[in-house]
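Trainee: I am new to this structure and would like a close look at one part of it. Could you start from a single residue and follow its surroundings from there?

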Amino acid sequence: MQISKKELLTGRSLARVACRACEGCGDCCRNMGDSIRLDPYDFWQLEKGLSMSARDLARSFIGFVKSDGLLLPYIKMKENACPFLEKGRCRIHSFRPGICRLFPMGRQFDAVGLRYFVIPDGCDMPGKSKVRIEDYLEIENLSRYEAYLSEYHRLLRRVQSLLKEDYWQKMGLGPDFRTTFFLLDYDSDRDFESQFLRREEDYIRRNHLPSLMG
């Protein structure tokens, strides 16, 4: 999807995505395949919200899809619908994944940082009104969240680049990434960012990653 610079937005921008007419049709929660991708923050939220361990969460609701050498998590559909969709409503709405919060928007990482865009024909429900993106997302301390996402994206892209080489594949970089960020329990009583940064630091040093070590 080609997005022009003028279509890229920030959290302070207004976007026509708010839909008071939505009656929970659930179309955006069905037939999504492996597109509801999760990041470590999503895992922390789901573990805490569902009171489940990381591995139990993975066994019950999560699939892993290969993406440039890494197995990355997504919410598995059940009978072509999200397993958290009940009577047209999301039962994890208060701690839903970032991808779900965004819809009908997408996000893009570039030299400026994280920016948003409205997906053309993403939702055909009429009567949408403009809303400030930071209000629509309902994420506490959005700037801190965006900083984390940008750092995670930087790490992700660097590891995927290294995995194009046989040497790094043999070093087990991919399986260790999945275990470090998605299969070890997060502490629900501690803030997420400090846990993520500690895991990132340990992963980089343990695997001696070039150009990422301080």
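**From one loop into the interior**

Mentor: Arg-96 sits in the loop between β5 (89-90) and α3; helices (H or I, at least four residues) and strands (E, at least two) are DSSP runs, numbered from the N terminus. The model is predicted, so local features need pLDDT of at least 70 and side-chain atom pairs count only at pLDDT 80 or more, while totals for chains, interfaces and linings use all residues. Residues are numbered from 1 along each chain as its sequence is written, and side-chain values use heavy atoms, with hydrogens and water left out.

Arg-96 counts as buried because its relative accessible area is 10%; buried means under 20%, exposed over 50%, partly exposed in between, with a 1.4 Å probe and protein chains only. Beyond its neighbours within four places in sequence, Arg-96 is in contact (heavy atoms within 4.5 Å) with Arg-101, Tyr-136, Leu-137 and Glu-138. With Glu-138 there is also a side-chain to side-chain polar contact of 3.2 Å. A polar contact is a pair of N or O atoms within 3.5 Å; within protein, one must be able to donate a hydrogen and the other to accept it, and residues adjacent in sequence count only if both atoms are side-chain atoms.

Leu-137 leads to the next feature, since this residue is among those that line the largest cavity, as are Gly-98, Tyr-145 and Leu-149. A cavity is a set of points on a 1 Å grid over the protein atoms alone where a 1.4 Å probe fits but cannot get out, and lining residues have an atom within 4 Å of a point. Its volume is about 40 Å³. Volume is the space filled by probe spheres set on the points, which are joined across faces, edges and corners. At least two lining residues come from each of α3 (98-102), β7 (113-118) and α5.

Helix α5 (residues 142-162) leads further in. In the largest nonpolar core, of 54 residues, Val-159 and Phe-177 touch the most other members, and α5 gives the most to this core, with nine residues. Such a core is a set of buried Ala, Val, Leu, Ile, Met, Phe, Trp, Tyr and Cys residues joined through side-chain atoms within 4.5 Å. Apart from neighbours within four places in sequence, Phe-177 is in contact with residues including Tyr-152, Leu-155, Leu-156 and Val-159.

Phe-177 is one of the buried residues of α7. Helix α7 (residues 173-183) is largely enclosed by the rest of the structure, because eight of its eleven residues are buried.

Technical notes
On a 1 Å grid over the protein atoms alone, a cavity is a set of points where a 1.4 Å probe fits but cannot get out, and a pocket is an open set with protein on both sides within 12 Å along at least five of seven lines; lining residues have an atom within 4 Å of a point.
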